[in-house]
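I opened the notebook to look up strand pairing and annotated sites. The entries follow in the order I checked them.

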Amino acid sequence: MDEAIKKEVLAKAREMGVKFIRLQFTDILGVLKNMAITVEQLEKALDGELMFDGSSIHGFTRIEESDMYLRPDPKTFAVFPWRPRDGAVARLMCDVYNPDGTPYAGCPRNTLKKVLAQAAEMGFTMNVGPEMEFFLFQVDSEGRPTLRTHDKAGYFDLSPVDLGENARRAMVLTLEEMGFEIEASHHEVAPGQHEIDFKYSDALDCADKIVTFKFVVRTIAQRHGLHATFMPKPVYGINGSGMHTNQSLFRGNENAFYDPSAPDGLSDIARYYIGGLMKHARALAAVTNPTVNSYKRLVPGYEAPVYIAWSGRNRSPLIRIPAKRGMSTRIELRNPDPSCNPYLALAVCLAAGLDGIKNRIAPPPPCDRNIYEMTAAERRELGIESLPASLEEALQELARDEVIRGALGEDIYTKFVEAKQKEWENYRVQVHPWEIEEYLTKF
């Protein structure tokens with residue numbers, strides 16, 4: 001690590017009265033893990049000398065090869081604003097390394113860095129801006145989450161209808177104190193549903209911020225006596241929570257997706273990137289929509305995409321092109337949801353887009369009609385496919401897609417699929433309340 005950067009982090013920790021540092025990383029499912037150290041150990045941590053037992057982390061090493069090293073990224077140093085100023089707590093996001101000094105293949109952050117390096121070889125950097133949706137629910141007398149919402153508000157409503165507004169304001173202020181630039185926050189369509197959008201940044205920083213965002217939102221909700229959930233579809237019959245992901249590629253300071261001479265302002269690179277996303281969309285879903293519950297959101301009628309198409313105007317396809325051009329030219333992928341591991345989700349999106357660019361995969365013409373209102377025959381005629389209808393179907397698609405498997409790497413692919421097949425099997429063999437309601441008295 002650069003000595004100057006190291007000294008800067010140590011000086012910041014001293015100035016801000018930091019007593020504890022949480023070294024943070026995610027397992028393959030995107031669950032945030034912590035190792036807490038005292039400030040006296042910070043220099044050792046910055047030198048990459050701190051070990052932990054990888055065998056206890058989901059999808060990490062076997063017990064006989066369990067020693068792993070955490071290497072903090074000094075750019076991610078931030079103090080948690082809700083902690084006391086005296087004895088403050090800070091965090092550093094970390095990469096996981098093997099004892100021999102090589103990056104650990106099962107570390108999701110390393111996986112994203114690997115695909116970003118491939119993009120850099122082609123002359124590109126990736127920028128990402130996510131739209132994070134979540135629900136706030138009341139808790140019962142014992143502090144357990146319920147499905148009771150704290151309001152009956154709708155899209156863009158204000159208080160007094162939106163009782164979550166105070167909690168949302170506190171979330172925004174906390175995130176800003178941690179270095180986020182918040183662009184918008186509002187009530188979403190469903191009761192109890194909220195959205196907070198932060199400014200786009202490079203893909204690695206954005207993935208770090210998504211992980212931090214979820215942690216902050218849950219913490220602040222708890223302090224307001226509420227439970228925040230990023231579950232994609234917690235309540236039947238209302239909209240689910242998505243994580244629309246705005247993506248663009250830059251060459252130096254120029255947006256590679258923008259071509260002022262094209263009638264729609266989109267460059268060939270943007271088109272090929274869209275073509276790559278569409279070609280691999282069914283396999284991508286296993287990573288961008290990785291839970292059984294994800295596929296309860298991806299159904300017609302609730303603003304979530306179901307069909308693999310693109311458009312500049314229309315919000316029913318998988319990919320929308322927001323109207324802004326110039327530096328703001330971007331594509332919006334609408335199927336990801338916030339249950340995904342952001343490092344893996346961005347890695348596979350980028351890999352799909354780069355495959356489109358390398359192989360000049362032109363997308364079909366844009367579809368500006370409402371696809372939900374088309375008949376199956378009309379969709380067939382236009383060659384519009386659907387996203388997988390279940391986690392099982394998405395895993396089958398992933399198994400067949402060498403580009404997306406390659407982006408994950410064999411280590412993560414194997415462990416991810418093993419965990420997800422187990423999840424599907426557990427779900428498949430359960431007897432659900434709907435079945436009791438439907439069949440118990442009928443047969």
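Which residue in β6 is the bridge partner of I21? I looked it up in the model, which is predicted, and found A90.

**Entry: strand β1 and its partners.** I took β1 as residues 18-26 and noted that seven of its nine residues are buried, so the strand is largely enclosed by the rest of the structure. I then checked the pairing with β6, residues 88-97: six bridges join the two strands, and they run parallel. On the pairing with β2, residues 32-38, I counted seven bridges, with the strands antiparallel. Within β2, I found N34 as the bridge partner of Q24.

**Entry: the hairpin.** I went on to the connection of β1 and β2, a hairpin with five residues between the strands. There I noted G30, which takes a positive phi near 90 degrees.

**Entry: annotated sites.** I read the UniProt record, an unreviewed entry, which places the feature "binding site" at N239, G240, R297, E303, R315 and R334. I looked up two of these positions, N239 and E303.

I located N239 in the loop between β12 (226-229) and β13 (243-251). Is N239 buried or exposed? I noted a relative accessible area of 12% for N239; the cut-off for buried is under 20%, so N239 counts as buried.

I located E303 in the loop between α7 (294-297) and β15 (307-311). Its relative accessible area is 49%, so I entered E303 as partly exposed; exposed would require over 50%.

Conventions: Residues numbered from 1 in each chain as written. Predicted model: local features only at pLDDT ≥ 70, side-chain atom pairs only at ≥ 80, totals over all residues. Heavy atoms only, no water. UniProt positions renumbered as here; feature names shortened; annotations may be inferred. Helix = DSSP H or I, 4+ residues; strand = E, 2+ residues; numbered from the N terminus. Buried < 20%, exposed > 50% of the residue type's maximum accessible area, 1.4 Å probe, protein only. Pairing = 2+ DSSP bridges.
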